[in-house]
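Good morning, everyone, and thank you for having me. Please have a look at the sequence and the structure while I take you slowly through one part of the fold.

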Amino acid sequence: MSSIVNTDEPQEGDSVKKNTSKAKNGSVKPNDAKTGDISPVRAGQQHTVAIEKLTHGGAGLAHIEGLPIFIAGTIPGQKVEITITKNKGSYAEAKVRQVLSKSIDEIMPKCSHCHDCGGCVWQNLPYNKQIAYKEEIVRETLEHLTPVDEEIRSQLSGRVLKIIPSPQVFYYRNKLELSFGYANMRVEEKDGKRNYFDENPTIGFHKPGQWATVLPINECHLYDEQLPSLLSDVRAFLNSTGLPVYNPKTHQGLLRTLLVRRGVNTGEHMIAFIVKARKRELEPLFQHFMRFGGRSGLKSLMVIENLGINDKPEHPKVHTLVGDPFIKERLFDLEFEISPFSFFQTNTVGAEKLYKAIADAADLGPRDTVLDAYCGMGTIGQYLARFCEKVVGIESNPSAIEDALKSAGKNRIGNISFYKGRVEQVLDTQLKAGEKYKFSVIVVDPPRAGLHPKAREAIVAHAPKKIVYVSCNTATFARDLGFFLKEGYELRSVQPVDMFPHTAHIETVSVLQRK
């Protein structure tokens, strides 16, 4: 098989570079690009190409005279007319002008907004094809991006197991954030000043790269089947109240975000309006929001202040109009209280498959002491606690630690404790190697940027017999894997788990064993 090129832009803390140069069989591999060649591809040029495969990050791959071209919104088998947007020297990026011929695998997307909103990049592929591509992307990313000798890299793909599919292909998300805004925005300059003319206040999603305007949507088949009804009610709410929506250019307007969450296993629903206003301005308006208080299954209706520039409030002030400022959700026999900004796996039913894969990978015994690094609200550690002597969680987010302590108490788990702080700092101070605990198994579930270099060093200093690495970015996992392989660990298995059907996101659960 030819290799996969990493099309993600580098993340913070991400040292992974794009695969760029041509190798045998027409594929590409890392950092062998010839220098001095004059590329036949220029920005603005139009070409006709055939899409060969999908790449890490979701774009389709084609070649023009050996140069890799990455084209978002395409699938293998399509013949497309493209416009080159960037030439990076050893690869180029392009956008689709038109699809000239469809792929033999192509199907009709379920959603009318597919490809417009930027969410479901692969909804026009059958699900069995999606997961087959994801599994192959994991294999090839490890084989071509792991920074070790080629002989070792060539063996890594053989450690990848058959992907675990999502139990639900549609309506699997338990959380959705929709933006209030304007469908159109005109800009006029007069006397050296820019004037913005907003048109068509609405609710929906920002198109990729177009954060100033909002694409109106009336359906999303990733959340639940009641969403179209809610969106219809929200539009009626906008029309009848005349409340202004937020303009990110001028930072004016009231309504910013609609956050909805649901307990898949409990049937509880949350609706939260995030607004730019203080309590004294909001109190006369609470009556307008109360029209949503009678919806079926509603357990929490909130209005949340966000006076900052960022969409996610740094110091949110929550006004609970109906019920509690949380909903409840169950994973296995555990119950959790989910607040508006809690970190909780987005695919509830898929999370149970993921956590079983983690437990199988850890293969714990009654004498094991486990470190759960980047533990969030402690869901993984609380599930693993039944299989071992002790679990210790580390998390830097203070509210997540509060959620973890609360839920562990309510779930009556006595053999788990939590430390607040960055993993690399806690492991170098409060939990220094050779002192308080000897961890036999370390589970890590870092963000997309992967492990901090000092966190990697601290993990190796603890010398666990096994590391279970849960990754949402195979490219940064490959980087970190290279470090652990050089430090005396061997890769035993990589279990891909599909948590996000119709998207390019892939979760993996990998086992590294100390030699």
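Let me begin with a question: in strand 24, which residue is the bridge partner of Lys 466? It is Gln 513, and before we go on I should say that we are looking at a predicted model.

That bridge belongs to the pairing of strand 22, residues 466-471, with strand 24, which is antiparallel and extends over six bridges. On strand 24 we also find the partner of Gln 495, namely Val 509, and here the pairing is between strand 23 and strand 24, again in the antiparallel sense, over eight bridges. Because six of its eight residues are buried, strand 24 is largely enclosed by the rest of the structure.

If we now step back to the sheet, we see that it is open and has seven strands, in the order 20-19-18-21-22-24-23, and that its pairing is mixed. At the edges stand strand 20, residues 416-420, and strand 23, residues 489-497, and each has a single partner strand, so one side of each is left without a neighbour in the sheet. On average, neighbouring strands of this sheet are turned by 15° against each other, if we ignore direction.

For a parallel pairing, please turn to strand 18, residues 369-373, and strand 19, residues 390-395, which are joined over five bridges; there, Val 370 has Val 391 of strand 19 as its bridge partner.

Finally, there is a helix to consider: helix 11, residues 474-486, lies across strands 22, 23 and 24, and runs at about 165° to strand 22.

Technical notes: Residues are numbered from 1 along each chain as its sequence is written. This is a predicted model: local features need pLDDT of at least 70, side-chain atom pairs count only at pLDDT 80 or more; totals for chains, interfaces and linings use all residues. Side-chain values use heavy atoms; hydrogens and water are left out. Two strands pair if DSSP finds at least two bridges between them. Helices (H or I, at least four residues) and strands (E, at least two) are DSSP runs, numbered from the N terminus. Axes are lines fitted to C-alpha atoms, for helices over the stretch in contact, and angles run from 0 to 180 degrees between N-to-C directions. Contact means heavy atoms within 4.5 Å. Buried means under 20% relative accessible area, exposed over 50%, partly exposed in between (1.4 Å probe, protein chains only).
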